[in-house]
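Hello,

Here is the structure we talked about handing over. Please open it alongside this email; my notes follow below.

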Amino acid sequence: MAGARAAKDSARRPAQLAVPPDLVAAPGYGVRRLYQAYLAAWSRYVDAVLTGPQFAVLCAVLTYPDADQTSLASAVALDTSTMADVCRRMERRGLIARAPSSRDARRKLISLTEAGKAAHLEVNRRARALDQALLEGCSPDQRAGIALLLNSLGQQWEGVAKVTDSAIAFRDADGAQDQLGRCGSDGSIRAN
């Protein structure tokens, strides 16, 4: 009876499957895994309420006090609608203050409140500790190289994502290029 129960239990457990080779070879898959792990670690060790984008805004406002919301959005790689939402939430929490520009009332100038400065100080301390844990075993030169590589890839990938109407070149395993289509501004791929 015990043997039958054990066999039944093992049949219920999902099999541990290896990651498909196509995914292992795809940089986007690796980036997604890194990002998922980073979000989980951030929530657990840094701050479960203040998000990474909110922390980025705190950093940018500390660096560029009284800058406008649109310029800050660009500095932290957020689109303007996401930035507006992030700022509304941060303002409700008392971390930032927004005021219209004296030159253009449509522009919102952002400054840190005392609570925002205190939050930045504490969260920055924990975020740097998380950075240390994530890159444990890497030399200072390797850490700098990893940061440079990730930021360079981010810039490259943002450029690829912004392409609205240019040929997309696909290369096969032998390096031969095949123009399969063109990417339209609506994200569709049209045949050549």
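**Helix packing around α7**

The axes of α4 and α7 cross at roughly 115 degrees and come within 10 Å. This is a predicted model, so please read everything here with that in mind. The α4/α7 crossing is left-handed. On the α4 side, the contact is made by Phe-55, Leu-58, Cys-59 and Leu-62. On the α7 side, Gly-116, Ala-119, His-120, Val-123, Asn-124, Ala-127 and Arg-128 take part.

Helix α7 also meets α3. Their axes come within 10 Å, and the crossing angle is roughly 130 degrees. An angle over 115 but not over 145 degrees counts as oblique, and α3 and α7 are therefore oblique to each other. The α3/α7 crossing is right-handed. From α3, the residues involved are Tyr-38, Ala-41, Trp-42, Tyr-45 and Val-46. They meet Val-123, Arg-126, Ala-127, Leu-130 and Leu-134 of α7. Val-123 and Ala-127 appear in the α3 contact and also in the α4 contact.

**Aromatic cluster**

How many aromatic pairs does a search of the whole structure find? It finds two. One is Tyr-38 with Trp-42, a tilted pair at 6.1 Å centre to centre, with 45 degrees between the planes. Both residues sit in helix α3, which spans residues 27-46. They are four residues apart, so about one helical turn separates them.

Are these two rings buried or exposed? Tyr-38 is partly exposed, at 28% relative accessibility. Trp-42 is buried, at 5%.

Trp-42 also pairs with Phe-55. That pair is tilted too: 5.6 Å centre to centre and 50 degrees between the planes. It links distant parts of the chain, with Trp-42 in α3 and Phe-55 in α4 (residues 52-63), 13 residues apart. Phe-55 counts as buried, because its relative accessibility is 7% and the cut-off for buried is under 20%. Tyr-38, Trp-42 and Phe-55 together form one aromatic cluster.

**Nonpolar core**

The largest nonpolar core has 26 residues. Which of them touch the most other members? Val-57, Leu-58 and Met-83 do. At least two residues each come from α3, α4, α5 (69-75), α6 (80-92), β3 (108-112) and α7 (114-134). Helix α4 gives the most, with five residues.

Take Met-83. Not counting residues up to four places away in sequence, Met-83 touches Val-57, Gln-69, Leu-72, Ala-73, Leu-78 and Ile-110.

Gln-69 is worth a look as well. This residue lies in helix α5. At 11% relative accessibility, Gln-69 is buried. Leaving out residues up to four places away, Gln-69 touches Met-83, Ala-84, Cys-87, Arg-98, Lys-108 and Ile-110. Ile-110 is thus a contact of Gln-69 and of Met-83.

**Loops and backbone**

Most residues other than glycine have a negative phi. Two residues here go the other way:

- Asp-66 has a positive phi of about 65 degrees and is not a glycine. Asp-66 lies in the loop between α4 and β1 (67-68). At 49% relative accessibility, Asp-66 counts as partly exposed.
- Ala-77 has a positive phi of about 60 degrees and is not a glycine either. Ala-77 lies in the loop between α5 and α6. At 54%, Ala-77 counts as exposed, because the cut-off is over 50%.

Gly-137 is in another loop, the one between α7 and α8 (140-162). Gly-137 is exposed, with a relative accessible area of 75%. Apart from neighbours within four places in sequence, Gly-137 is in contact with Gln-142 and Arg-143.

**Whole chain**

The protein chain has eight helices and six strands. From the N terminus, the elements run α-α-α-α-β-α-α-β-β-α-α-β-β-β. Buried residues make up 20% of the 192 residues. Of the contacts with a separation of 6 or more, 39% join residues 24 or more positions apart.

Best regards

Technical notes
Residues numbered from 1 in each chain as written. Predicted model: local features only at pLDDT ≥ 70, side-chain atom pairs only at ≥ 80, totals over all residues. Heavy atoms only, no water. Phe/Tyr/Trp six-rings, centres within 6.5 Å; stacked < 30°, edge-to-face > 60°. Buried < 20%, exposed > 50% of the residue type's maximum accessible area, 1.4 Å probe, protein only. Core = buried A, V, L, I, M, F, W, Y, C linked by side-chain atoms within 4.5 Å. Contact = heavy atoms within 4.5 Å. Axes fitted to C-alpha atoms, helices over the stretch in contact; angles between N-to-C directions. Parallel < 35°, antiparallel > 145°, perpendicular 65-115°, else oblique. Left-handed = near helix turned anticlockwise from the far one by under 90°.
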